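The exercises below are meant to be worked with the sequence and the model side by side. Each task is followed by a solution that proceeds step by step.

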Amino acid sequence: MQEKRALITGITGQDGAYLSRFLLGKGYKVYGIIARRGTDTRWRLRELSVIDHVQLIDADLIDLSSLVRTLEKTQAEEVYNLAAQSFVATSWDQPLLTADVTGVGALRILEAIRIVNPKTRFYQASTSEMFGKIQRPVQNENTPFYPRSPYAVSKLFAHWSTVNYRESFNLHASSGILFNHESPLRGIEFVTRKVTDAVARIRCGLQQELRLGNIDAKRDWGFAGDYVEAMWQMMQEHEPDNYVIATGKTTSVREMCDIAFKYVGLKMEDHLVIDPNLYRPAEVDILLGDASKAYKRFGWKPKTSLESLVHMMVDADINRVKHEPQPAINGTRHP
Ligand code: NDP
Ligand code: GDR
């Protein structure tokens, strides 16, 4: 039987790397688009040892013609749209770029699918940020949205474009409304990785303090490795649909931080500094997801507790700090 072909936008991101490894394990031929910005962003693909097994193609979500050519060239049966300007805080500084990549970018790839092969299955990386100022204490697929950032507004446009193309053109287009998911491959600008990196550096005597913003914010945090399986599972369903993917537990940034410091025998209070400059113009105070629809339809449930996730991330960062201290490149410490 001919191997299945998948195309991943955002293949160099956290989820792109885990999804590549997962799909390769399933026997897929995996293609990914890479938007060249002058720096090498392939470190995650190297860390998971998939770099030599995926095919990278130069293309950009802001360039429709590059997407059309990529679909023609790869003949992918499944397209996972993971590319985005995904950092919420940056979306207030670069709202138009965020709208163009994170919002209209999804519409461009839907258009490319419509032009090249409307039978292509499509996954949109939607987000719990769309619930924003929550309208229900627990959020599921029927909860009304209330976005609180240019990022979330852009993602809502992408989500509704996905639903609209499903209903207008009969595309097999699904929207995974994923709550926060983390891993050792998380970008260092996101709070969990910022914490675990700092804890590792403090433990190794390279840093003294950790500056955070609103530590009372609560998130429903899971492990990225578990979440990419749900992306694939919803693509295998006969009918496209929207699915919430979450753990059903919410934890404050303060508690998450405490878990990380305690793991290495340090006291959070001795190192944590609250910096009001890191507060956001509008905050999402609390998120808590109900993923029971995904469980009922295809048996998905999370496998990793927050404690083991944080421990895994701290261990990975201590290992990095000990074995490969790197000078900062564009805000990350990775080659
Ligand atoms: P990352 O920020 O780690 O990855 C984003 C990816 O998008 C990178 O590969 C980046 O490339 C790529 N990208 C950015 N701009 C463009 C562009 N113009 N054209 C093509 N590619 C581009 O995100 P995650 O892996 O964490 O998340 C994956 C997706 O899921 C994102 O859309 C995110 O918004 C969404 N999401 C994430 C959640 C999470 O908790 N992680 C939860 C819910 C949704 P490069 O590295 O080269 O800059
Ligand atoms: P989020 O993740 O905005 O939920 O978006 P992030 O880790 O950036 O923030 C989580 C919460 O922590 C608070 N916080 C801080 N955040 C950062 N980054 N840095 C700090 O110093 C800090 N101090 C406190 C934030 O205010 C916030 O409340 C992530 C991204 O992956 C999105 O792309 C994705 O859609 C959502 O998760 C679900």
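**Exercise 1. Describe how strand 6 and strand 11 pair, and how the side chains of strand 11 are placed.**

In this predicted model, strand 6 (residues 173–178) runs parallel to strand 11, and the two are paired over 4 bridges. Within that pairing, isoleucine 177 is found opposite valine 244 of strand 11. Turning to the side chains of strand 11 (residues 242–245), Asn242 and Val244 point one way while Tyr243 and Ile245 point the other way, and all of them are buried.

**Exercise 2. Determine whether the length of helix 6 fits its residue count, and find what covers its buried residues.**

Begin with the length: helix 6 covers residues 150–169, and its 20 residues at 1.5 Å a residue should span 28 Å, which agrees with the 28 Å between its end C-alpha atoms. Next, list the buried positions, which include Tyr151, Leu156, Val163 and Tyr165, and also Lys155, His159 and Arg166. The cover over these buried residues includes helix 4 (90–93), helix 5 (95–116), strand 5 (121–127), strand 6 and strand 11. Finally, look just past the helix, where asparagine 170 follows with a positive phi, near 65°.

**Exercise 3. Locate the largest nonpolar core relative to the domains, and identify the helix that gives the most to it.**

The first step is the division of the chain into domain 1 (5–182 + 221–245) and domain 2 (191–219 + 249–287 + 304–322). Their C-alpha centres lie 27 Å apart, and the contact takes 20 residues from domain 1 and 22 residues from domain 2.

The second step is the core itself, which has 63 residues, with Leu19, Leu23, Tyr80 and Tyr123 touching the most other members. Helix 8 gives the most to this core, namely 8 residues. Because domain 1 and domain 2 both give residues to the core, it lies between them. Apart from it there is another core, of 21 residues, among them Ile57, Leu61, Val79 and Ala173.

The third step is to inspect one of the well-connected members: beyond its neighbours within four places in sequence, tyrosine 123 is in contact with residues including Val79, Tyr80, Leu178, Met231, Met234 and Met235.

The last step concerns helix 8, which is mostly covered, since 11 of its 13 residues are buried. Among the buried ones are Tyr227, Val228, Met231, Trp232, Met234 and Met235. The expected span of helix 8 (residues 224–236) is 18 Å, and its end C-alpha atoms are 19 Å apart, which agrees.

**Exercise 4. Explain why cysteine 204 forms no bond with the closest cysteine sulfur, and compare the exposure of the two residues.**

The structure holds 0 disulfides. The sulfur of cysteine 204 has that of cysteine 257 as its closest cysteine sulfur, but at 17 Å the distance is too far for a bond, given that a disulfide needs sulfur atoms within 2.5 Å. As for exposure, cysteine 204 has a relative accessible area of 29% and is therefore partly exposed, whereas cysteine 257, at 0%, counts as buried.

**Exercise 5. Characterise the surroundings of valine 138.**

Valine 138 belongs to the loop between strand 5 and helix 6, and its relative accessibility of 40% makes it partly exposed. Leaving out residues up to four places away in sequence, valine 138 touches Thr143, Leu288, Gly289 and Asp290. Valine 228, which is 90 residues away in sequence, lies 22 Å from valine 138 in space, C-alpha to C-alpha.

Key
Residues numbered from 1 in each chain as written. Chains lettered and ligands numbered in written order. Predicted model: local features only at pLDDT ≥ 70, side-chain atom pairs only at ≥ 80, totals over all residues. Heavy atoms only, no water. Buried < 20%, exposed > 50% of the residue type's maximum accessible area, 1.4 Å probe, protein only. Expected span 1.5 Å × (residues − 1). Core = buried A, V, L, I, M, F, W, Y, C linked by side-chain atoms within 4.5 Å. Domains from an automatic or database assignment. Contact = heavy atoms within 4.5 Å. Pairing = 2+ DSSP bridges.
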